[in-house]
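Me: I would like to learn how to read a protein model feature by feature, starting from the general idea each time. Could you take me through one?

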Amino acid sequence: MSKKILDLIRSAFPGGTVLETHSQFGDDTAVIEAFMWREVAQFLRDDPQCSMDMFVDLTAVDYLWQGAVPRFEVVCHLRSLDRGHRIRIKARVGDEDGSNAEIDSLVPIWKGAN
């Protein structure tokens, strides 16, 4: 069911905002450009087809051991209580040494992100 949400994100944000999508263990994920982080989150909350009204959690992964650049992945899990679907959005930030790891806050959208 959340695969429909991935399609909605792709159609609402054409032109490379969505870097990749995948599904694993029942979770659908969209990896998005970091500069569009807040806009995509706002869309997911406000679009009636998505209605992601529940902010579940926010975390990050450090890929230091892999030598990945960008080094960090910011991860947000969202759920729609109305529609019963959930989704994970991710954005990659940070240089190899960990600097420039900045992303817009989601607090203006969900106070629980604070």
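What follows is a dialogue on the helices, the core, the backbone, the salt bridges and the surface of this predicted model.

Me: Which residues of helix α1 are buried?

Reply: A residue is called buried when its relative accessible area is under 20%. In α1, which spans residues 3-12, the buried residues are I5, L6, L8 and I9. They lie on the same side of the helix, because the arc they cover around the axis is only 160°. On the face turned away from that buried side, one finds the exposed residues K3, K4 and S11.

Me: What do the buried residues of α1 pack against?

Reply: Their partners are the strands β1 (18-24), β2 (27-32) and β5 (86-93), together with helix α2 (37-46).

Me: Where do the buried residues of α2 lie around the axis of that helix?

Reply: The reading proceeds as it did for α1, beginning with the list of buried residues, which in α2 are W37, V40, A41, F43 and L44. These residues cover an arc of only 160° around the axis, so they sit on the same side of α2. What covers them includes helix α1 and the strands β2, β3, β4 and β5.

Me: How many residues does the largest nonpolar core hold, and which of them have the most contacts inside it?

Reply: A nonpolar core is a set of buried nonpolar residues joined through side-chain atoms within 4.5 Å. The largest one here has 30 residues, and those with the most contacts inside it are I5, I9, W37, L44, L78, I87 and L106. Two or more residues come from each of α1, β2, α2, β4 (72-79) and β5, and α2 gives the most, with five residues.

Me: Which residues does L44 contact, leaving aside its neighbours within four places in sequence?

Reply: With those neighbours set aside, L44 is in contact with I5, I9, C50, S51, M52, L78, I87 and I89.

Me: Which backbone features deserve a second look, and why?

Reply: Most residues other than glycine have a negative phi, and most peptide bonds are trans, so departures from either pattern are worth noting. One such case is S51, whose phi is positive, near 50°, although the residue is not a glycine. S51 belongs to the loop between α2 and β3, and its relative accessibility of 14% means that it counts as buried. N100 also has a positive phi without being a glycine, at about 60°, but it is found in the segment after β5 and, with 55% relative accessibility, it counts as exposed.

Me: Where is the cis peptide bond?

Reply: The bond from V69 to P70 is cis, with an omega near 0°, and P70 is found in the loop between β3 and β4.

Me: How many salt bridges does the structure hold, and how should I read an individual pair?

Reply: There are eight salt bridges, and for an individual pair it helps to ask where the partners lie in the chain and how accessible they are. In the pair formed by D7 and R10, the side chains meet at 2.6 Å, N to O. These two residues are three apart in helix α1, and so about one helical turn separates them. D7 is partly exposed at 45% relative accessibility, and R10 is partly exposed at 35%.

Me: Which distant parts of the chain does the salt bridge of R86 and D27 link?

Reply: The side chains of R86 and D27 meet at 3.0 Å, N to O, and the pair links strand β5, which holds R86, with strand β2, which holds D27, across 59 residues. R86 is partly exposed, with a relative accessible area of 40%, whereas D27 is buried at 18%.

Me: Is R71, in its salt bridge with D62, buried or exposed?

Reply: R71 counts as buried, at 11% relative accessibility, while D62 is partly exposed at 33%; their side chains meet at 2.7 Å, N to O. Salt bridges can also be read as a network, and here one links E20, E73, K90 and R92.

Me: Which residues form a nonpolar patch on the surface?

Reply: The patch is formed by M54, V56 and L81, which together have about 260 Å² of accessible area. M54 is found in strand β3, residues 54-62, and is partly exposed, with a relative accessible area of 33%.

Key: Residues are numbered from 1 along each chain as its sequence is written. This is a predicted model: local features need pLDDT of at least 70, side-chain atom pairs count only at pLDDT 80 or more; totals for chains, interfaces and linings use all residues. Side-chain values use heavy atoms; hydrogens and water are left out. Patches are made of residues with over 30% relative accessible area and no salt bridge: like charges are joined within 9 Å, nonpolar side chains (Val, Leu, Ile, Met, Phe, Trp, Tyr) within 5 Å. Accessible areas come from the Shrake-Rupley method with a 1.4 Å probe; for residues, only the protein chains shown count as cover. A salt bridge is a side-chain nitrogen of Lys or Arg within 4 Å of a carboxyl oxygen of Asp or Glu. Helices (H or I, at least four residues) and strands (E, at least two) are DSSP runs, numbered from the N terminus. Buried means under 20% relative accessible area, exposed over 50%, partly exposed in between (1.4 Å probe, protein chains only). The arc is that of the directions from the helix axis to the C-beta atoms. Contact means heavy atoms within 4.5 Å.
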